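Subject: Structure handover and notes

Dear colleague,

I am passing on to you the structure we spoke of, together with my notes on it. Please look through the model first and then read the notes beside it.

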Amino acid sequence: MPLDEREETIRAFFPLVRKIARRIHALVPSVDLGDLIGDGSVGLIRAVDQYNASRGIPLEHYARALISGAMLNGIRRMDPVSERVRRAVRDGEAARYRMAMERGSVPGNAEIEAVQPGFIRASGAAQNGVPLSLDAPLPDDVDVTADWSRDPARIFMNRTRREELRAMIERLPERQRKVMCEHYYGERTLREVGARLNVSPQRASQLHVSAIDRLKRELRAQAS
């Protein structure tokens, strides 16, 4: 491709870079929009230089794939946690979900470690490797004491609460327990949960509300 035509083509497709960058930025707002545009521009240049019209693929489609890929690679480079660690965590959580659905109770980390060696270490590495934003709320299982120290009593209390909640979920009626496992551990919408349980989305929502109400009542009873 002649140099003039190359430059003109790159300029013509640059709005596509901005469009894809804004879309990804909306999904991952912690990533700088300028960085996304910079990575996407590299992908666009690569697409223009490598494009082969004889393959029958429109340049726009080819450029879109390389632009998006370059941006995603840029995001991955910023991640302090390696893909190997994240994959180990995903595999462990998938195993937890399968075991919960098979036996009707949520397994603890020690049980997951037995079937997915290295899960506990990977989970710790993933949690420690993710920086906390001063503007965003802390994760549900993270507490920071007033003096920013690791208070052993508070750590023990939090772990105890999680174990108590897990035990309470196990005591739920079978259908309510399945809805909770599917929705929170399987990360499925209530519509998807209803389809898997052969009930309507409305019924899945009712079961979910009933389970939450039951858990709240038991928590209030324990606190009184």
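What follows is a description of the fold, the main core, several helix contacts and a few single residues.

Please keep in mind throughout that this is a predicted model. The protein has ten helices and zero strands, and its pattern, read along the sequence, is α-α-α-α-α-α-α-α-α-α. Of the 224 residues in the protein, 30% are buried. Among the contacts with a separation of 6 or more, 56% are between residues 24 or more positions apart.

**The core and the H1–H2 contact**

The largest nonpolar core consists of 20 residues, and those with the most contacts inside it are Val17, Ile20, Ile24, Leu36, Leu44, Ile67 and Met71. Two or more residues of this core come from each of helix H1 (3-27), helix H2 (33-50) and helix H3 (59-78). Ile24 may be a useful residue to start from: once its neighbours within four places in sequence are set aside, Ile24 is in contact with Leu36, Met71, Leu72 and Ile75.

The packing of H1 on H2 can be described in some detail. The axes of these two helices are 8 Å apart and make an angle of about 140°; since only angles over 145 degrees count as roughly antiparallel, H1 and H2 are therefore oblique to each other. H1 passes H2 in a right-handed crossing. On the H1 side the contact is formed by Arg6, Thr9, Ile10, Phe13, Phe14, Val17, Arg18, Ala21, Arg22, Ile24 and His25, which meet Leu33, Leu36, Ile37, Gly40, Ser41, Leu44, Ile45, Val48 and Asp49 in H2. By residue class, this contact of H1 with H2 divides into twelve nonpolar, four polar and four charged residues. Val17, Ile24, Leu36 and Leu44, which take part in this contact, are also listed among the core residues with the most contacts.

**Helix H8 and its partners**

Helix H8 (residues 174-185) is described here through two helix contacts, one with H4 and one with H9. The axes of helix H4 (residues 83-103) and H8 come within 10 Å and cross at roughly 170°, and H4 and H8 are therefore roughly antiparallel to each other. In this contact Arg96, Tyr97, Ala100 and Met101 of H4 meet Lys178, Cys181, Glu182 and Tyr185 of H8, a set that divides into five nonpolar, no polar and three charged residues.

With helix H9 (residues 190-197), H8 packs at an angle of about 130°, the axes being 10 Å apart. H8 and H9 are therefore oblique to each other, and H8 passes H9 in a right-handed crossing. The residues involved are Arg175, Lys178, Val179, Glu182 and His183 of H8, together with Leu190, Val193, Arg196 and Leu197 of H9; they divide into four nonpolar, one polar and four charged. Lys178 and Glu182 thus appear in the contact with H9 as well as in the contact with H4.

**Single residues to look at**

Within H8, Arg177 counts as buried, because its relative accessibility is 15% and the limit for buried is under 20%. Apart from its neighbours within four places in sequence, Arg177 is in contact with Gly104, Ser105, Ile169, Glu170 and Leu172. The C-alpha atoms of Arg177 and Leu207 are separated by 9.0 Å, although the two residues are 30 residues apart along the chain.

His208, in helix H10 (residues 201-223), also counts as buried, at 14% relative accessibility. Leaving aside neighbours within four places in sequence, His208 is in contact with Val179, Met180, His183, Tyr184 and Leu190.

In the loop between H9 and H10 lies Asn198, which counts as exposed at 70% relative accessibility. Its phi is near 60°, a positive value in a residue other than glycine. Most residues other than glycine have a negative phi.

Lastly, Val115 is placed in helix H5 (residues 109-115) and counts as partly exposed, at 46% relative accessibility. Not counting residues up to four places away in sequence, Val115 touches Ala95 and Met99. Val115 and Ala95 are 20 residues apart in sequence, with their C-alpha atoms 7.9 Å apart in space.

With best regards

Methods: Residues are numbered from 1 along each chain as its sequence is written. This is a predicted model: local features need pLDDT of at least 70, side-chain atom pairs count only at pLDDT 80 or more; totals for chains, interfaces and linings use all residues. Side-chain values use heavy atoms; hydrogens and water are left out. A nonpolar core is a set of buried Ala, Val, Leu, Ile, Met, Phe, Trp, Tyr and Cys residues joined through side-chain atoms within 4.5 Å. Buried means under 20% relative accessible area, exposed over 50%, partly exposed in between (1.4 Å probe, protein chains only). Helices (H or I, at least four residues) and strands (E, at least two) are DSSP runs, numbered from the N terminus. Contact means heavy atoms within 4.5 Å. Axes are lines fitted to C-alpha atoms, for helices over the stretch in contact, and angles run from 0 to 180 degrees between N-to-C directions. Angles under 35 degrees count as roughly parallel, over 145 as roughly antiparallel, 65 to 115 as roughly perpendicular and the rest as oblique. A crossing is left-handed if the near helix is turned anticlockwise from the far one by less than a right angle, and right-handed if clockwise. Ala, Val, Leu, Ile, Met, Phe, Trp, Tyr, Cys and Pro count as nonpolar, Asp, Glu, Lys and Arg as charged, and the others, Gly among them, as polar.
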